[in-house]
Amino acid sequence: MSLYETPTEANPTRQDGPPVITHEFVVAANRLPVRADAEGQWHLSPGGLVSALSAVMADHDAVWIGWDGSMDGETEGAPPSRQGDMALRPIALTNKEFTDYYEGFANGTLWPLYHNGLLSTRFKRSWWSAYVSVNRRFAEEIIAAASPNGTVWIHDYHLQLVPAIVRKQRPDLRIGLFLHTPFPPSQLLMRLPWREEILEGLLAADLIGFQTPTDARNFLALAHRSDRAPETLFEDNTATIELDGRRMKVGSFPISIDVDRINQIANTPETTAAAANFRASLGDPAHLLLGVDRLDYTKGINARLKAFLELLREGTLEPESVAFVQVATPSRDDVRGYENTRAEIEQLVGEINGDYARLGRPVVHYLHQNLPFEELIPLYMAADVMVVTPFEDGMNLVAKEYVASRTDGTGVLVLSEFAGTAVELHDALLCNPFDIAGLKRLLLQAISMHPDEQSRRMDIMRRQVSNNTVYDWAKRFLDQLDTEPDRQSTTDGSARA
Ligand code: F6P
């Protein structure tokens with residue numbers, strides 16, 4: 001059996017269970033957009049992507065297919081079958097699939113490889129097998145859940161084989177895939193023993209969206225080098241590839257945030273008071289620096305703390321006049337690399353506070369916690385300098401959230417050149433996080449920036465962020481997917497190879 005065929009016997013519920021209700025719009029992502037709280041109540045997950053897609057889905061008869069977070073069927077309770085206007089279809093993972101597909105191939109192989117090989121990548125054949133079988137399961141659900149001539153939007157590196165499996169059985173469907181991570185240079189990706197399968201999987205989509213033009217160009221170069229596609233011109237942020245008598249598009253669609261929601265939260269007296277209280281609770285430092293990240297080795301949290309520590313050591317920064325708040329959301333705890341990153345960060349936090357804190361007055365305030373979105377906005381509003389220093393990042397929405405929260409037009413963003421966001425936010429102080437000396441200079445420049453200069457830069461960045469919200473992003477992607485001409489319509493959704 002070919003990689004892209006789905007054995008029906010692999011999923012007996014498809015044959016024996018109740019008939020599946022079909023939907024005109026299908027979203028598939030590794031995770032469902034809902035989470036259970038401590039009381040076992042399910043809520044929409046926080047985040048711009050979920051809000052934007054929920055809004056898009058509200059206009060359609062839509063279903064979201066994703067992993068419900070359970071392993072071997074052990075959950076706090078099954079997720080609801082609907083959330084608001086959308087239907088939910090959970091995918092269950094076994095413990096072994098969680099280890100081999102999610103922790104293994106997705107986050108042990110693809111994640112480091114797609115982040116420019118920041119960590120040496122492991123190529124394990126058992127991880128690949130699990131990736132294939134979980135991708136097949138997602139595809140089976142899509143094939144069963146999509147109405148004739150429906151639209152399917154697949155998200156991220158976890159599901160790159162899905163377009164080809166779905167197309168094989170449902171050529172009537174319009175298939176889009178958006179990659180949230182970077183796409184690395186072809187020389188690096190060619191190391192992947194299964195690069196051909198991944199390429200074939202992706203090229204079966206009608207539209208593949210990347211975060212930046214560089215990612216899209218890297219993909220086109222790989223497709224060409226691997227003889228999968230002719231050399232293709234990337235112009236006006238899109239390229240059209242003709243292959244196997246079919247046309248598909250590749251484009252750059254920088255993802256964004258829900259600007260209106262941030263404005264709503266930021267413009268309440270409660271949030272303004274929370275920001276002032278927060279600052280006062282830190283002893284009203286003259287300079288407040290902030291970092292907010294998922295705890296990940298790609299985020300460069302260690303680089304910014306090293307730079308900060310050196311500035312204190314040299315006496316360039318006075319510990320009495322400065323505070324650094326670092327929120328590091330727990331993530332992928334058992335994946336190789338994450339434990340060491342956490343240990344390094346916590347060692348640096350300990351060193352800074354050990355040497356420079358006074359009793360009851362730490363210099364670095366470190367939270368290894370998941371803060372609700374509503375609590376992050378006052379932090380953004382209180383911070384003079386936002387430090388975003390990833391070594392490699394698909395986009396980095398925290399940078400955009402900071403800009404959107406600065407409703408008074410002040411504040412300085414120090415931003416890595418290696419974040420996708422840097423393509424749009426040129427008026428940040430752009431840094432190379434591998435260059436600690438340069439990072440120190442930029443931190444000092446940020447701290448001492450004149451308010452007029454802050455406003456000039458922030459103004460431009462705020463306009464940039466407001467002109468491309470997550471709703472604009474979703475609309476641009478779906479409009480482009482809709483204009484793709486080569487759909488093979490059918491009246492009943494049956495295969496027309
Ligand atoms: O950047 C890739 C991504 O999948 C994001 O879309 C998401 O916010 C993040 O990683 C979360 O990762 P995980 O599902 O592994 O916790």
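This tour of a predicted model goes from its domains to the interface between them and then to the ligand.

Begin by colouring the chain by domain: select 23–255 together with 473–482 for domain 1, and 259–467 for domain 2. If you place a marker at the C-alpha centre of each domain, the two markers will lie 30 Å apart.

Next, select the residues that meet across the boundary, where 19 residues of domain 1 are in contact with 21 residues of domain 2. The area buried between domain 1 and domain 2 is about 1,800 Å², and carbon and sulfur atoms contribute 61% of it. On the domain 1 side, show Trp111, Leu118 and Leu119 as sticks, since these residues lose the most area to domain 2 and together account for 29% of what that side buries. The side of domain 1 that touches domain 2 divides into 9 nonpolar, 8 polar and 2 charged residues. Turning to polar interactions across this interface, there are 7 residue pairs in polar contact, both residues at pLDDT 80 or more, whereas 0 salt bridges are found.

Now move to the ligand and select the residues around it, which are Arg31, Tyr102, Trp111, Asp156, His158, Arg294 and Arg332. This shell divides into 2 nonpolar, 1 polar and 4 charged residues. Trp111, already displayed for the area it loses to domain 2, appears here again in the ligand shell.

Finally, draw distances from ligand oxygen atoms to polar side-chain atoms: 2.4 Å for Tyr102, 2.7 Å for an N or O atom of Arg31, and 3.0 Å for Asp156. Taken alone, the ligand exposes 390 Å², of which the protein buries 67%.

Notes:
Residues numbered from 1 in each chain as written. Predicted model: local features only at pLDDT ≥ 70, side-chain atom pairs only at ≥ 80, totals over all residues. Heavy atoms only, no water. Near = heavy atom within 4 Å. Polar contact = N/O pair within 3.5 Å; in protein donor to acceptor, adjacent residues only side chain to side chain. Areas by Shrake-Rupley, 256 points an atom, 1.4 Å probe, with all protein chains shown as cover. Nonpolar A, V, L, I, M, F, W, Y, C, P; charged D, E, K, R; others polar. Domains from an automatic or database assignment. Contact = heavy atoms within 4.5 Å. Buried area = accessible area lost by both parts, 1.4 Å probe. Salt bridge = Lys/Arg side-chain N within 4 Å of Asp/Glu carboxyl O.
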